[in-house]
Amino acid sequence: MDVCVIGAGYVGLVTSACLAYFGNNVIAVDADERRLLSLKSGKSPFYEPGLDQFIGECSANGTLEFSSNLGDAVKRSEIIFIAVGTPAKSDGEPDLSQVVAAAKAIGAALDCEKRRIVVNKSTVPVGSGNWVEMLVSQGLQTVQTVPARSARSQGPSFVVVSNPEFLREGSAISDSLYPDRVVVGSGDEEAIARMRELYCPILEQNFVAPACVPRPDYICDAPFVVTDLASAEMIKYSANAFLGMKISFANEISGLCEKVGADILQVMHGIGLDKRIGSKFLSAGVGWGGSCFGKDINALIDVAREYNCQTALLESTMAVNKRQRLTVITKLQEELKIIKGRTIGLMGLSFKPNTDDLRDAPSLSIADKLLKMGAEVKAYDPVSMEICARLHPGLEIGYCSSLEDLASGCDGLVLVTEWEQFRHPDWKEIAVAMRRPLIIDGRNFLSEKSLIASGFVYRGVGR
Ligand SMILES: NC(=O)c1ccc[n+]([C@@H]2O[C@H](COP(=O)([O-])OP(=O)(O)OC[C@H]3O[C@@H](n4cnc5c(N)ncnc54)[C@H](O)[C@@H]3O)[C@@H](O)[C@H]2O)c1
């Protein structure tokens, strides 16, 4: 099929690569020339494991193209994905300006050659499907004065469907090739049938798995979930809210565990074995970050407010997460008493391992608070230090070349991101390099036993 994907970010680029891998002709469109330059030179503009290799494979087949020409890409495509960003504004509402621009530009480029399916993959508030349809139509009207209009007896034909994305950064290709489900929201049977065809290799898992992203043993198919437009949009928001709520639940219980002398790891293991609960997303720590959970939960609260609905659970989920980020600072205070003048080293900056994404990363809140309290803040992260320095020049962080460099002269280390390479370093050497061998494990990721054996004072979360 002929497909274009507008927005070559985490979602758009991975979607483009996967659809090209299945043999579709895909044009990935982005407005950011720097991003395109990087892509055309065969390099992903952001860190995502395996993506460079995967894109290389698809581009070599000649099925994946990169372009800044949205109009041309729309004209050449039957299926047009919108995968632009919907970041949160300062008041928590989603900023939909990228969606507006993309939808209007699609409308302006449509012709009568074929019926198009406009697929909304960006996470947008409930009701946005109809709104995108209106925006595309508005885009159409801007070109009605063009002489070629007379050739369109009926005018261009299109339908908008919702196809929310559930991939996780760090395992984005695997999540896209082997998803738990594919959700399509639409009342148009023809569009649903074409979407099913497009996703057939994923639904039936009948493609040869790429060497760089092997198929997990337990995957044999993926459910195709067809809903109405509003329900598809609601599924995306509710899924993120539920996942965020699980983490906040674990964090709330972790505070109580510390008071009563219980261990959150044992407690969550014990409750996670209950199949009704499940063991995932029950990790206590410095809380979630990233571009989705906070933004989407706030957007859901916002929609609820419009309808006068109470959202006490969602609001608490957000409040617990905000509070949780700073519990590592309370622990530093308990151990060091005075923070002013101390040197604190942050292990990890990205909001989770295997990505360089810093959007809403707990590390930023922690660094900001420590700096305000008069500490010197150092950090080491395997991939996101350069981005952090570029995007947050106001945060006066000292960037280090290794874990050993980070530890040197520190009064305390805080593990913020659970990068695998932080698991088994030479702790004895690190303890010797520090002014005081103290470690706050903000993800309950490290071995308390080996740290204590190496001379550290160890503090986890909820233990
Ligand atoms: N990142 C994730 O893990 C994730 C997961 C699921 C869903 N989502 C949702 O998917 C959407 C995209 O997220 P993302 O993280 O990929 O965003 P992103 O910010 O990484 O990428 C968006 C891209 O769109 C481009 N763009 C914006 N307007 C454009 C236009 N008019 N024409 C061409 N290109 C344009 C930008 O230059 C940018 O490269 C968001 O709504 C997000 O909430 C993200």
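Between domain 1 and domain 2 of this predicted model, two residue pairs are in polar contact, both at pLDDT 80 or more. On the side of domain 1 that touches domain 2, the residues divide into eight nonpolar, three polar and four charged. Across this interface, the rule finds zero salt bridges.

The two domains belong to a chain that is divided into domain 1 (2-227), domain 2 (236-323) and domain 3 (326-459). Taken over C-alpha atoms, the centres of domain 1 and domain 2 are separated by 30 Å. Contact between them involves 15 residues of domain 1 and 10 residues of domain 2. Together they bury about 970 Å², of which 64% is on carbon and sulfur atoms. Within domain 1, the residues that lose the most area to domain 2 are Gly-92, Thr-123 and Val-126, which together make up 37% of what that side buries.

Thr-123 also leads to the ligand: one of its backbone N or O atoms lies 2.8 Å from a ligand oxygen atom. The protein covers 88% of the 830 Å² of accessible area that the ligand has on its own. The ligand is surrounded by 26 residues, the closest being Asp-30, Arg-35, Thr-86, Glu-169 and Lys-295. Two of these approach ligand oxygen through their side chains: a polar side-chain atom of Arg-35 lies 2.8 Å from an oxygen atom of the ligand, and an N or O atom in the side chain of Lys-295 is 2.6 Å from a ligand oxygen atom.

In composition, the shell around the ligand comprises 10 nonpolar, eight polar and eight charged residues. Domain 1 and domain 2 each contribute at least three residues to this shell.

How values were computed. Residues numbered from 1 in each chain as written. Predicted model: local features only at pLDDT ≥ 70, side-chain atom pairs only at ≥ 80, totals over all residues. Heavy atoms only, no water. Near = heavy atom within 4 Å. Polar contact = N/O pair within 3.5 Å; in protein donor to acceptor, adjacent residues only side chain to side chain. Areas by Shrake-Rupley, 256 points an atom, 1.4 Å probe, with all protein chains shown as cover. Nonpolar A, V, L, I, M, F, W, Y, C, P; charged D, E, K, R; others polar. Domains from an automatic or database assignment. Contact = heavy atoms within 4.5 Å. Buried area = accessible area lost by both parts, 1.4 Å probe. Salt bridge = Lys/Arg side-chain N within 4 Å of Asp/Glu carboxyl O.
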